[in-house]
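User: I'd like to go through this model with you and learn how to read its features one at a time. Could you start with the ligand site and work outwards?

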Amino acid sequence: MAASNSTPVSIAATEASENRLQTGYEHPWAVRFCHWLNTVSLFVMAASGLRIFRNLLNVPASLTLGGWLGGALQWHMTFAWIYVATGVFYFAYQIFSRNYRQPLFVPKDLAGVWPMIRHYFFFGRKPAQTEVYNPLQKMAYTSAILLGLLSVMTGIVLYNPVQFSFLATLIGGFHWARVWHFCVLCALLLFVLGHLIMVILHGWNNFTSMLTGWKRNPEYLP
Ligand code: HEM
């Protein structure tokens, strides 16, 4: 039984000799599919974007993709459509399945953020895990999803500044759209760095849950 009423997790429990083996179904196929497709798209777009940006900033060629400006633009635009389609599908799935409650950071989670930070960075006591994601995870995932939205908004202005002039005005014009687009990339890369450190620290069982959907003996189960 899940400890939180708001967490839509299905549980399978089996008695194996004296050991009680419990598994929680945490990540539906649509979320896993979008997560991995989005990971590939993001890396391709970051590398090709840095090649495009090389006209302004001398990024080492080994970190970039596309070989030249035209090639990089082709990679960037192809994967931009995949990235947008993945995002639309993810939002639609999360809303219609009501699974959005799992990663969405809401005001009631605010009080749980500091105890998690104290635990991770200042060796504080570990707060009890009551849902699939703890409040700090929810905050990080909701921010990453918002950053994804911002990357598309600023990218659309760069792609078609005339048709989307209202968006361009909103973010300070074409020049600022470039700056914001680059800042959003930096923020996303920071998120990915922190995310990967956490995934490594939390081990194989946590990692495979994003491949199979299932997690063995999750902490929120009794
Ligand atoms: C190789 C790279 C990556 C690995 C190994 C990885 C691994 C994982 C794992 C294991 C989880 C589940 C955590 C848990 O159950 O506690 C997760 C969730 C998540 N990851 Fe990643 N991830 C990667 C890249 C990314 C990237 C590039 C993004 C986006 C910028 C991202 C965004 C997210 C989000 C938003 C969730 C929560 C999804 C949801 O429940 O709706 N990840 N990731």
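User: Which helices each supply at least two residues of the shell around the ligand?

Analyst: This is a predicted model, so read everything here as computed from it. To read a ligand shell, sort its residues by the element they sit in. Here α1 (29-53), α4 and α6 each give two residues or more. The largest share is that of α6, with ten residues.

User: How many residues surround the ligand, and which are the closest?

Analyst: There are 21 around the ligand, and the closest are Thr39, Pro103, Tyr141, Val199 and Met210. By class, the shell has 13 nonpolar residues, seven polar ones and one charged.

User: Let's step back. What pattern does the protein follow along the sequence?

Analyst: For the fold, list the elements in order. You get β-β-α-α-α-α-α-α-β, that is, six helices and three strands. The C-alpha trace spans about 65 × 40 × 35 Å along its principal axes. Of the 222 residues, 22% count as buried.

User: What share of the contacts with a separation of 6 or more comes from residues 24 or more positions apart?

Analyst: That share is 58%.

User: Now helix packing. At what angle do α4 and α6 pack, and how far apart are their axes?

Analyst: Take the angle and the axis distance together, then look at who makes the contact. Helix α4 (residues 135-159) packs on helix α6 (residues 174-212) at about 155°, and the axes are 9 Å apart. The cut-off for roughly antiparallel is over 145 degrees, so α4 runs roughly antiparallel to α6. The crossing of the two is left-handed.

User: Which residues make the contact between α4 and α6?

Analyst: On the α4 side they include Ala140, Ala144, Leu147, Leu150 and Leu158. On the α6 side, Phe174, Trp180, Val184, Leu188 and Phe191 are among them. By class, this contact counts 13 nonpolar, seven polar and one charged residues.

User: At what angle do α1 and α6 pack?

Analyst: About 145°, with 12 Å between the axes. This crossing is left-handed too. From α1, the residues in the contact are Arg32, His35, Leu42, Ala46, Gly49 and Phe53, and they meet Phe182, Leu185, Leu188, Leu189, Met210 and Leu211 of α6. That contact divides into nine nonpolar, two polar and one charged residues. Notice two residues you've already met: Leu188 is also part of the contact with α4, and Met210 is listed with the closest residues to the ligand.

User: And what about α1 and α2: are they roughly parallel or antiparallel?

Analyst: Same recipe. The axes of α1 and helix α2 (residues 69-97) come within 8 Å and cross at roughly 155°, and therefore the two are roughly antiparallel. The crossing is left-handed. In this contact there are 17 nonpolar, six polar and one charged residues.

User: Where is serine 97, and how do I read its exposure?

Analyst: Place the residue in its element, then count its C-beta neighbours. Serine 97 is in helix α2. It has 14 C-beta neighbours inside 10 Å, so serine 97 counts as partly exposed. Serine 97 lies 65 residues from arginine 32 in sequence and 14 Å from it in space, C-alpha to C-alpha.

User: What is phi of arginine 98 near?

Analyst: Start from the general idea: most residues other than glycine have a negative phi. Arginine 98 has a positive one, near 65°. This arginine sits in the loop between α2 and α3 (113-122). Arginine 98 counts as exposed because there are 10 C-beta neighbours inside 10 Å.

User: Where does asparagine 217 lie, and what is its phi near?

Analyst: Asparagine 217 is in the segment after β3, and its phi is positive as well, near 40°. Asparagine 217 has 12 other C-beta atoms within 10 Å, so it is exposed.

User: Last one: which residues is arginine 216 in contact with, beyond its neighbours within four places in sequence?

Analyst: Those are Thr23 and Asn205. Arginine 216 belongs to strand β3 (residues 214-216). Asparagine 205 is eleven residues away from arginine 216 in sequence, with 6.6 Å between their C-alpha atoms. With 13 other C-beta atoms within 10 Å, arginine 216 is partly exposed.

Definitions and conventions:
Residues numbered from 1 in each chain as written. Predicted model: local features only at pLDDT ≥ 70, side-chain atom pairs only at ≥ 80, totals over all residues. Helix = DSSP H or I, 4+ residues; strand = E, 2+ residues; numbered from the N terminus. Buried ≥ 20, exposed ≤ 12 C-beta atoms within 10 Å, placed from the backbone. Contact = placed C-beta atoms within 7 Å. Axes fitted to C-alpha atoms, helices over the stretch in contact; angles between N-to-C directions. Parallel < 35°, antiparallel > 145°, perpendicular 65-115°, else oblique. Left-handed = near helix turned anticlockwise from the far one by under 90°. Nonpolar A, V, L, I, M, F, W, Y, C, P; charged D, E, K, R; others polar. Near = placed C-beta within 6 Å.
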